[in-house]
Amino acid sequence: MTLKRSYEPSLGIGDMLVAEMDPLLSAIISNLIPEEETRSPLYRLYGDAGILPASRILVNGTLKERLSLLQLGPLLGLGDGHEAIDLLCLVGATVAFLGLVARAHCRLASFIVMWSVYFSLVQISQSFRQQADHLLLEAGFLCILLAPTRLTDRRHPMEDIALLLLKWLVFRFMFASGSVKLASGCPLWWSLDGLKRHYETMPLPTSYSWYTYQLPDAFHRVSTIYVYLSELVVPWLFFAPSQAVRRFALWWHVFLHLNIIGCGNYGFLSPLVLTLLLTLLDDEDELLVWLQERLADEPRRRTRGKMVGRNQAGSGSEADRYGGRLVKAISLLMVVGSWVCFSVGSTNEGQLTFQPTFSRDQYLNVMQSMIRAAPLLVFVLMVKKFLQLLSSQDSVGSLAEGMRQFSKNLGLLISTIVAFTVFFMSIVPHSRLLPSTAISSPTMTRAYGGLHSLYVVNQYGRHLTKMRPMRREIILEYSDDLNGTWHEYGFQYKPWTLERGSSLPYGWLHFPRFDFKFYDGAGSKTDAQKWMYPLVQRLLEHRQPVLELLDGRHVPAQAPKYIRTSLYRFAYTSFTDGTGFWTRERLSDYFNVFSHDDTHLRDKLKQMNFRATVESSSSSWNWLLRGLLDGVRRFVGAVEGSYLLMGLFVAAGMVIYTQQQQQKQQQRAAQST
């Protein structure tokens with residue numbers, strides 16, 4: 001990439017990444033949205049009648065927690081309840097959709113708006129916040145450094161440094177996910193059986209996960225080695241100077257994340273990682289050239305792109321040949337290294353066996369070196385990019401010209417300082433992957449804490465540290481008689497029944513946070529999941545917004561007198577059973593039986609500053625805007641979350657296709673005249 005090309009003639013990797021981030025940030029409607037029906041989706045979790053009302057944070061939270069655009073709700077006559085939340089979602093989704101269908105709207109201001117809106121919503125997400133939110137906010141902030149201010153701007157001078165920081169972000173995420181597995185000492189990961197157990201115990205599995213679980217154990221162990229290579233070895237190739245090597249790393253991870261998308265309902269997490277992996281491509285990459293030819297605005301630009309491609313073909317073929325050889329050498333080294341590190345044998349029945357040939361201490365020593373080497377490598381590359389940036393600046397002949405040049409590049413100077421600050425602060429969470437490498441400097445940790453409070457820099461990899469030996473599920477039950485029959489509440493995505501057809505649905509880009517959160521609850525103590533107390537209270541009150549989080553076919557017609565939670569053990573069935581996906585066995589009570597006047601429940605709610613009664617906000621005086629939001633809410637709420645997102649993408653695709661057809665017709669008319 002060069003620094004002095006016009007922004008208009010070609011579509012570079014920075015532009016492609018900015019354009020791809022827009023549709024992901026458009027999930028601002030549904031990434032914080034759990035389910036369906038007729039009310040505002042966020043209202044079910046954070047509205048005044050939801051499980052964790054936003055007003056708890058906006059009134060009683062700390063200053064950092066209350067830093068949210070929702071504080072402006074009363075100024076617009078909407079209060080601080082679900083109507084203000086709906087407005088933020090609508091604004092963010094509209095800006096993102098416009099940026100997706102028209103490059104003219106994919107600019108710096110758009111990303112600032114989307115990041116600010118999403119940050120405000122994450123501030124009130126409380127217990128339902130996930131690491132996918134942190135990754136999206138961190139990537140969105142870096143895209144602010146990358147996005148151009150105006151359509152006529154030249155390529156952003158910070159493009160190379162910003163793209164390098166995005167590579168560093170996806171490296172940190174993948175490397176952290178892999179390093180903690182063996183570092184935790186979990187016997188399932190060391191025996192290479194962790195991945196098979198993961199298929200059964202992941203938060204929200206799909207039917208693809210059930211079918212994959214049925215494959216032979218040798219396949220699962222080979223797959224586990226593949227995951228180790230994907231997370232510990234291949235991320236280093238992100239920084240390779242060879243375009244062929246980086247393309248190899250890209251397709252390696254595309255295969256990995258397509259399988260992750262098929263196995264579990266992780267919402268927008270893997271699509272976001274795949275978008276960040278676009279930073280591994282160059283402007284001259286075949287994929288980007290193909291996209292340039294179809295997204296360019298004029299035939300002259302497409303012809304110019306083809307001519308540039310032809311002129312570079314001679315020199316590129318030589319580099320590709322050496323790059324192809326390097327890819328083959330790397331592949332061979334990974335195969336040989338895997339064979340050496342995980343000795344291959346066979347049983348008397350002819351089944352393959354794998355056994356790590358290294359100890360945990362040896363692994364930790366290697367990890368220490370890798371953790372320390374990664375930031376040093378990125379720092380060297382950033383300094384190199386910065387020196388190239390300085391050398392590309394126009395020379396000045398007088399002090400006056402120097403002052404004008406300095407004033408002109410003041411924004412560039414600020415962006416550079418921000419970029420290096422973000423990088424140095426990101427070293428703190430990266431170093432915490434092992435206790436022996438953690439940075440103890442109070443200055444660094446305090447600075448990191450300040451950026452982390454804004455989710456500009458975050459820590460990843462805390463999931464899957466120790467694989468759960470079995471799947472436990474929390475089942476909600478209700479009854480009108482303590483000695484009578486207990487009935488179960490139904491769920492949309494979480495396993496709770498034995499039937500095959502309804503227990504393993506797909507959410508696609510939609511992130512079902514409510515069902516997902518039960519996975520954390522089943523693996524921890526009761527008091528660690530305080531959100532369960534407001535949930536029980538809302539169910540005893542028979543609040544409709546919370547009931548819409550559940551499967552409506554398994555909800556009582558009126559408020560029950562008693563609610564309890566049971567802990568079940570779930571296990572996958574086999575092909576030969578023919579009884580569906582699951583078998584289950586009740587283990588114990590998770591919560592005691594609660595009633596509406598239970599003193600223990602009231603004490604817990606009081607400790608949380610939770611208001612059982614729903615109070616209407618007196619500052620909601622803007623009836624016109626409230627009516628508009630209510631109409632949009634009812635329209636959007638009538639569509640299930642995954643269908644809503646797919647519909648938005650299809651609509652955007654149709655708009656883009658229509659625009660291209662109109663451009664072609666205009667070009668034919670111009671040629672005919």
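1. Start with residues 218-238: the chain there is 76% helix with 0% strand, and the C-alpha atoms at the two ends sit 29 Å apart. Keep in mind that this is a predicted model.

2. Residues 635-657 make a handy companion stretch, with 87% helix, 0% strand and end C-alpha atoms 25 Å apart. Both 218-238 and 635-657 come from the UniProt "transmembrane region" annotation, an unreviewed entry that also lists 84-101, 108-128, 164-190, 250-281 and 410-428.

3. Next, a helix pair. The axes of α7 (residues 159-183) and α19 (residues 410-431) approach to within 11 Å, crossing at roughly 10 degrees. Angles under 35 degrees count as roughly parallel, so α7 is roughly parallel to α19.

4. Who touches whom here? On the α7 side you'll find I161, L165, W168, F171, R172 and F175, and they meet A419, F423, S426, P429 and H430 of α19. By type, the contact residues split into eight nonpolar, two polar and one charged.

5. Have a look at K517 too, which is in helix α22 (residues 513-522). Is K517 buried or exposed? Its relative accessibility is 10%, and under 20% means buried, so K517 counts as buried.

6. What does the side chain of K517 reach? That would be the backbone oxygen of S127, at 3.0 Å. Setting aside neighbours within four places in sequence, K517 is in contact with S127, F128, Q529 and W531. The annotated stretch 108-128 is where to look for S127 and F128.

Terms used:
Residues numbered from 1 in each chain as written. Predicted model: local features only at pLDDT ≥ 70, side-chain atom pairs only at ≥ 80, totals over all residues. Heavy atoms only, no water. UniProt positions renumbered as here; feature names shortened; annotations may be inferred. Helix = DSSP H or I, 4+ residues; strand = E, 2+ residues; numbered from the N terminus. Axes fitted to C-alpha atoms, helices over the stretch in contact; angles between N-to-C directions. Parallel < 35°, antiparallel > 145°, perpendicular 65-115°, else oblique. Contact = heavy atoms within 4.5 Å. Nonpolar A, V, L, I, M, F, W, Y, C, P; charged D, E, K, R; others polar. Buried < 20%, exposed > 50% of the residue type's maximum accessible area, 1.4 Å probe, protein only. Polar contact = N/O pair within 3.5 Å; in protein donor to acceptor, adjacent residues only side chain to side chain.
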